[in-house]
Each structure stands twice: as C-alpha cells, then as structure tokens.
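Here is a friendly walk through a structure for a reader at the bench. Please keep the sequence and the 3D view open as you read.

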Amino acid sequence: MDSVLHYDIVIVGGGAAGLRAAIAVAEADPQLRVALVSKVYPMRSHTVSAEGGAAAVARADDSLEAHAYDTVKGSDFLGDQPVIQYFVERAPEELVRLEHWGCPWSRNDDGTVATRAFGGMTTKRTWFATDKVGFHILHTLFQTSLRYERIERLDEHFVTKLLVQDGRCGGVAALDIRSGETRAVLGRAVILATGGGGRAWPFTTNGAIKTGDGMALAYRAGLALKDMEFVQYHPTGLPGTGILITEAARGEGGHLKNAEGERFLITRDYGVGQKAELGPRDMISRAITQEIAAGRGVSLPGKTGEFAHLDLRHLGAAKIDSRLPFVRELARTYIGVDPVHEPIPVRPVLHYMMGGVDTDIDGATQIAGLYAAGETACVSLNGANRLGSNSLTECLVFGARSGAHSAAHVREADAPPEAALVESARAAEAELEALRGRQGGGETVAQLRDAMTRAMEEGTGVYREQAGMRRAAAQIAELGGRFAQLRLQDGSRVFNTEITAALELRNLLDVAAAVTVAAAERRESRGAHACSDYPERNDGEYLHHSLVRLGDSGPVFDKKPVELGIWEPEERKY
Amino acid sequence: MAEHTKIIAVTRFDPERDDAPRSQEYEVPVQEDWKVLEALNYIKDHLDPTLSHRWSCRMAVCGSCGMNVNGEPKLTCREPLSNYGERVEVAPLANFPVVRDLVVELEGFLEKLGALKPWIMLAKQRAPEEGATRQSPAELADFKQFSMCINCMLCYAACPVVANEPDFLGPAALATAHRYNLDSRDEGAAQRAEIMRGEGGVFSCSYANECAEVCPKNVDPAGAIQQAKLANVLSWARSFVVRRRAAS
C-alpha cells in the first residue's frame, strides 16, 4: 500500500449529490475533514448535462400535497410515501439555498424565480436556468464548495473497493489515475454519490462516466440493489448520439408528431389524456415506440431506426432563444436541424435508473457508516417511474440529509481497526495490479462492452417480455465470466484509461446483472417496466420493492414492502 | 452514411516510456457527421487501447475533451471532422503540463479559480427561511454570459499571456470572479479586488482577445477582463476620493 489517508468522512462522487453532501457536512461541523473523491474533476460530473429544471413548490397556487401526489402517481404507487412527503417539504428550501449560493435561476419580471411546466406535474413548479439547469447547479455547488478548506478533493481517483470490517464501513480503496498508485482513503463514514449506470445500454443520454460505480461497490460489499428493473427511457433523444433534448421543450409548448404530422398523444389514446406532451415519461416513450411500430415513424437517411418529430416551430425564434437556447444549439450541432425552421427527430433513449443502493430516508444502508444519495441510491422517491425535474432536487435533498446524518454518525462511531482496513485495500491493490496490462486470451474491453450493451438493449427496452429478460440475464451472467479472460494491452501506470475502462465495465456488468434479474422477476407492468406478456399492473402480487443481492453463486432475488401512507394505489390515468 | 478514411496524427507521450512527445498516425474509417472525438474513440476501441484522452458528455457541456486540433484549441466533441482535410493532427492543449498523451494537468487552474473566491460573499449570510432573493431579469443579464464557462480550458491554451506568464490567473478564472462581482446578490467584490488587480491579475491581460475567439460557449472572457479592469480603476479612484474627504 503506497499511502493511507485519514479523513472523517469520505464522499465518492462530485456531482450534485456528492457536493451537496460535502457542504452539508461542512455546515454541520466545520471541524470534520471531508475527502471528496471523484474519478473526474467534479465539474465534469454528469449533473452537468441535466437540462430542464429542478422541482419544488414555489407558487401560491401550488401545494406540497399536490407535488407529493403527482410524485406518488408518477411512481405508479411504488414510491415510499413518507420519503416523498419529506422530499416535497424540503425541496423549496434546497432550491432557495442554491439561489443564495448564486445559481442563476431564470426570473419573472418582478424578480421572483420563474417556474415552468414539466411532465406529470399538475402545475408549474420546475425551477430553471434557461435549459442548462444541471450545468448551473453543478458549477454553483462546486464553486461554493471551494470556500470550505476542510473539503479536500481527491480528483481523478477511481474507487475500487469499499473497506468494510465487522459490518462497519471505514473508507475506500482508490486508484489515483494520474500516478497509478492505490490509496487507502479512510473515514468513519462513506457516502456513495456516483450517479447511475446508463452506459450499460448502447443508446443513452448518459455521459461516458455513468458506469454504475457506487451501485456496484455496494453490491459487491453484499448490499441489496433495489428496484433495478425500473430504468427510464426519456422520450426525446437525438438520433445516433442519444443526446438529450429536454422535456422543457414540451414544457414550453413543443409538440410530438408522427410521420403524418399528427399529434398522436392527442389523436390516440396513450393514457396521457389532456396532459398530452406533458404526460409522464414512461407513457410518452411507450407512445412513440408504438407509433414507430405501427409504421408511422419518421425515417432519416443514414440513421438506423425510426423517430418521432419534436416540433417547436410554432414557439418562434424569440421564445426558443430565451427559454431553450441549448436545445437549439444541440439540435444544430449534433443533427444539423434548426428547430426554429424544422422539427427535431427524436426517439426514446435510456436516461435514468430509478433503482439503486437500498437506503433508508437518511441515506443509510445496512452497513454502518455507509450512505448513498442521488441516482446511485434508491431511497424510493421515484418508485417505478421518476417525474422529470425531481432528480436534481433529489440530489440536493438527500445529498444534504445523508451529509448531515453522516456527520452525526461520525461523532459517535469508532473507526474499524485500521490494520484490517489497510489489509483490505492491499487486496484491492493486488487485484488491480493483476489486471493492469493483463494478456488474457479473451476479448478487449470494447468488444465485451458492446456485447453487454446489445444484450441490455434487447432484453430491457421500453417494452420487455419474459423470454427476452431471462435471455438477457443469462447473457450478462455469461459475460461476467468472460470478463475474467479480458485482454488488456496498456501496462503503464500513468493515466491508464484502459484499466479504468475495464473497472467501469466490471461495474456495469454487476449493475446489468441486477437489472436483468430483477426485471425477469416482475411479471406485471408498472411504470417504466412494461411487459408485453403481462400488460396489467398487479398490486395483489407485485406491490413490493425488488431487492437483488450478490450471493455466493450469483445474484439472489428478494423483496420488501412498499410504504404507503396517504394514498392507496388506484388506476394510473391522466 | 458514406465512409472514407482519414489519417489522425495523435501526439503520444507516456512519461514511463517516452523521453519526449511523439506523433503516432492512425488510419481511421470516418463517417461524414463525426466529430473529432468520435475518431479518437474509434482509435481507442478498435485500433489502440493504450491511447489516453478525456471525454464524457459528448454534448459540449462537461468541458473534458478540449485538445489542440491542427494547432487550434477545440472542444473535440463539438468540432466536426469534416472541417479538416485528409490528415488531422490532435495534440494536448497548449500551455498546460502534459500528464500523458492528450491528458493535461488542471491543478494550476483550480488553484487560481479557488484563490479568486468564486462564491457568493455577504456580510451576513442569508437564511433559507428568508426565501429567494429578488433579482430582476436585467440584473441577471448583467452577469449571465460570464456564468456560462464550462472550464474547458481552450482559452488558456489560446492565451498569449498564459504562455509567457504562468502566474497569470487567466481568462476563465477571471471571468468567473467578475461574474460574482457583477451578481446583484454578492457583496464580495472588495475581497476579490486585491488578487484581481494584483500580480497576474486583470492588468496582465494584453487584450489579444484570443480567449473570446476560441470560447465554445461565447463567454467572452476578454470582455469580462476589460470590464473588471475598468471597475478596479474606478473603485481605486473612488477610494482615493473617499480618503481625501476623510482627511480634509
């Protein structure tokens, strides 16, 4: 072991959840030393790509109850209602804090913060900074974090293992990507905030770094991943790249049309009723998929697959430039379409994982001292389908809560014995060194990754069927075996991105295993999990959370009850 | 989509093996609508897994993939390959220490950014219970452009002052400090003034305007620095008048 670093709290991930957690720790107890460990520089974190907004009740004509009910209904009744209640109560305060920290929220003429409409929300409660909300939130948090001397960054450090001893988490093993050195980064609490694993699929809005790292770390430490079968397809990704075109484009009045120019969400029954383009994402992605299957998709020369049209022309250049300038820039740069003059071709694209590390409302896991927040976690805010603009706020509300709780935890908790933790980090180092430049006889990282993403697309698309999910689960298990034969060619210690890509692939394979196993166990359709062979929701048998743990011979499935509260499940119709 | 090949000449450097950077050529089958980054990713996945470069969002907002393309700093995920001929040279951003291949060291920039206190400073912190501050659309417009910096570092690679004066705080960091000074919610300008007008501060800028020309987000750091120079001169003059009045 080259070096052992000592902190009070170790935060893994420097996006919105991780940065908010770090600031919460600094605010709770300025004496605590925080390590902010990120495999990138924090301002590169994928929060940066969020576009449309962050939800919190702001207007006199809105209510916390309405935000809570919209979220419960959006979750297809799989969200835990006490969590949702807490979330909507704390959401306004968190967005006000960001305002105080300098976030350039867009404004009404009277200087109050402006809000816009979003899918599945009954009123305008989505705060925005034009259509670069994630970018502004991330940079505001990052720059604010710089004022706290005790938040110490370990940039470009890749966490390879959680150091757990006697049921307590005492830090992480991390590869310093620049030097190639493995370090034991010790702390009496660890918060996982590494985002989701959208890169397990081939067509995704997610940046290259979204590789499920925190989920996989927890899974390999024996924790359950919860509700992993629920993955969100955003209705509007650009052809080819999958780059996100924000839901705010529809919130500002954009229309979805098929090849015949028909607003199919109005002319046909897709369950969204009068909400039309402002229905929830799961339903709109299904509607587009069905339109394409019925032969009413739009073809594009040189692009595989078919698309719908997102038509913004009637909004006019002035509104597009003031409210949706990034949408215009992205469409022009990446598909050569100016939305002022032409409709944007779009199709459903893998965007977000509702599932994640099973936590309680404090972000705490079953391992003492280990927390998770943001997309990495499944605190059960989003259930079977997340509403757009709830996730940025989720990062803030639950990042703050896990930060505050971890600060309280370390006041009481003893560290596990250091020798054992360092020993565990040494084992991680040895494993890594065995991988570096390993001349296995098998495939390259890119070949194995392609096989994985193909299996996930075929088995866990917008619509799934039992046989396909089972086949995908078997394929992922088999690919996990092939990982052992991986062929690596880069023996260098300095900024070796072949080895980090291999570590990311290993993480994605763990995430993919949990997704496919959980998906095959849910023989109903709920939220984003739409089974062609079980098209109805089945509350009698499936009103429960799915849990997948890593057993001795592979993934083990389990379940736990949903916490209802005010609202009993009812038919989800808009 | 029609395919043809281009020669991508990549600057390689591994401090464990190389004494000096070297150029390595790859023949890449490219598609017409590819960006420069897609050619690099093709090399990484299909030709040479030992190539190191940074990238993530591939939608021009995370700022990871800045490189010099044919000598000009570019965001490679945004830069069409079709802008170039049959041979394209890709090198690490100029004016930064190279870690390996196309990866440069950003520690210096982050230290400069932090030194400029890029956060809201108030004599008395606002409490969340006070609710959101009012800020008119005009007040927002005063600083919004300067808040759009993605820290891609193209401006540092282009800046002739950064090239000669490593301590120059540089375009992105100074524009960000100026952004906070202009924010109607901030009271920290006086605390940023000393470093902004000190050695390596705004007065080091020779207004070559290269930063504004290469910025992929139209931040106009040169404009921010010019404004900051003026603000600093005015505040210095004001303090002089105030001292004279106090003395008389």
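The sections below go through the chain interface, the cores, the cysteines, the salt bridges and a few single residues.

## How the two chains meet

Please bear in mind that this is a predicted model. Let us begin where the chains touch: 65 residues of chain B are in contact with 68 residues of chain A. About 5400 Å² of area is buried between chain B and chain A, and carbon and sulfur atoms give 53% of that area. Which residues of chain B lose the most area to chain A? They are Arg58(B), Met59(B) and Trp119(B), which together account for 13% of what the chain B side buries.

Charged and polar pairs also cross this interface. There are 10 salt bridges between chain B and chain A, and 38 residue pairs are in polar contact across the interface, both residues being at pLDDT 80 or more. On the side of chain B that touches chain A, at least two residues each come from α1 (36-47), β6 (98-100), α2 (107-115), α3 (137-144) and α6 (171-182) of chain B. If you would like one pair to look up, Asp110(A) and Arg134(B) form a salt bridge through their side chains, at 3.9 Å from N to O.

## The nonpolar cores

In soluble globular proteins, nonpolar side chains tend to be buried together. Here the largest nonpolar core has 151 residues, and the members that touch the most others are Trp105(A), Ile137(A), Ile344(A) and Ile8(B). The element that gives the most to this core is helix α1 (residues 16-28) of chain A, with 8 residues. A second, separate core has 68 residues, among them Cys169(A), Met353(A), Leu486(A) and Ala518(A).

Ile8(B) is a good place to zoom in. Setting aside residues up to four places away in sequence, Ile8(B) touches a set that includes Tyr26(B), Val28(B), Leu40(B), Ile43(B), Leu81(B) and Val90(B). Gln24(B) and Glu25(B) are also among the residues that Ile8(B) touches.

## Cysteines without disulfides

How many disulfides does a search of the whole structure find? The count over all chains is 0. Two cysteines show why. Cys103(A) cannot form such a bond because its sulfur is 14 Å from the closest cysteine sulfur, that of Cys395(A), which is too far. For Cys169(A), the closest cysteine sulfur is in Cys378(A), 20 Å away, so this pair is also too far apart for a bond.

Both cysteines lie out of reach of the surface: Cys103(A) is buried at a relative accessible area of 0%, and Cys169(A) is buried at 1%.

## Salt bridges

By the rule used here, there are 72 salt bridges over all chains. Asp70(A) and Arg125(A) make one of them, with their closest N and O atoms 2.8 Å apart. This pair links distant parts of the chain, 55 residues apart: Asp70(A) sits in helix α2 (residues 64-74) of chain A, and Arg125(A) in the loop between β5 (115-116) and β6 (126-127). Are these two partners buried or exposed? Both Asp70(A) and Arg125(A) are buried.

Glu431(A) and Arg506(A) form another salt bridge, at 2.8 Å from N to O. Because Glu431(A) lies in helix α12 (residues 418-435) and Arg506(A) in helix α15 (residues 497-521) of chain A, the pair ties together parts that are 75 residues apart in sequence. Glu431(A) is partly exposed at 48%, whereas Arg506(A) is buried at 18%. There is also a network of linked salt bridges, whose members include Asp76(A), Glu229(A), Asp282(A), Arg522(A) and Arg572(A).

## Single residues to look up

Two residues other than glycine have a positive phi. Asp227(A) has a phi of about 55 degrees; Asp227(A) lies in the loop between β12 (225-226) and β13 (231-237) of chain A and is buried at 0%. Arg58(B) has a phi near 45 degrees; Arg58(B) lies in the loop between α1 and β3 (66-69) of chain B and is buried at 12%.

Finally, His544(A) is found in strand β22 (residues 544-551) of chain A and is buried at 9% relative accessibility. Beyond its neighbours within four places in sequence, His544(A) is in contact with Leu78(A), Arg522(A), Lys559(A), Lys560(A) and Val562(A).

Conventions:
Residues numbered from 1 in each chain as written. Chains lettered and ligands numbered in written order. Predicted model: local features only at pLDDT ≥ 70, side-chain atom pairs only at ≥ 80, totals over all residues. Heavy atoms only, no water. Disulfide = S-S within 2.5 Å. Buried < 20%, exposed > 50% of the residue type's maximum accessible area, 1.4 Å probe, protein only. Core = buried A, V, L, I, M, F, W, Y, C linked by side-chain atoms within 4.5 Å. Helix = DSSP H or I, 4+ residues; strand = E, 2+ residues; numbered from the N terminus. Contact = heavy atoms within 4.5 Å. Buried area = accessible area lost by both parts, 1.4 Å probe. Salt bridge = Lys/Arg side-chain N within 4 Å of Asp/Glu carboxyl O. Polar contact = N/O pair within 3.5 Å; in protein donor to acceptor, adjacent residues only side chain to side chain.
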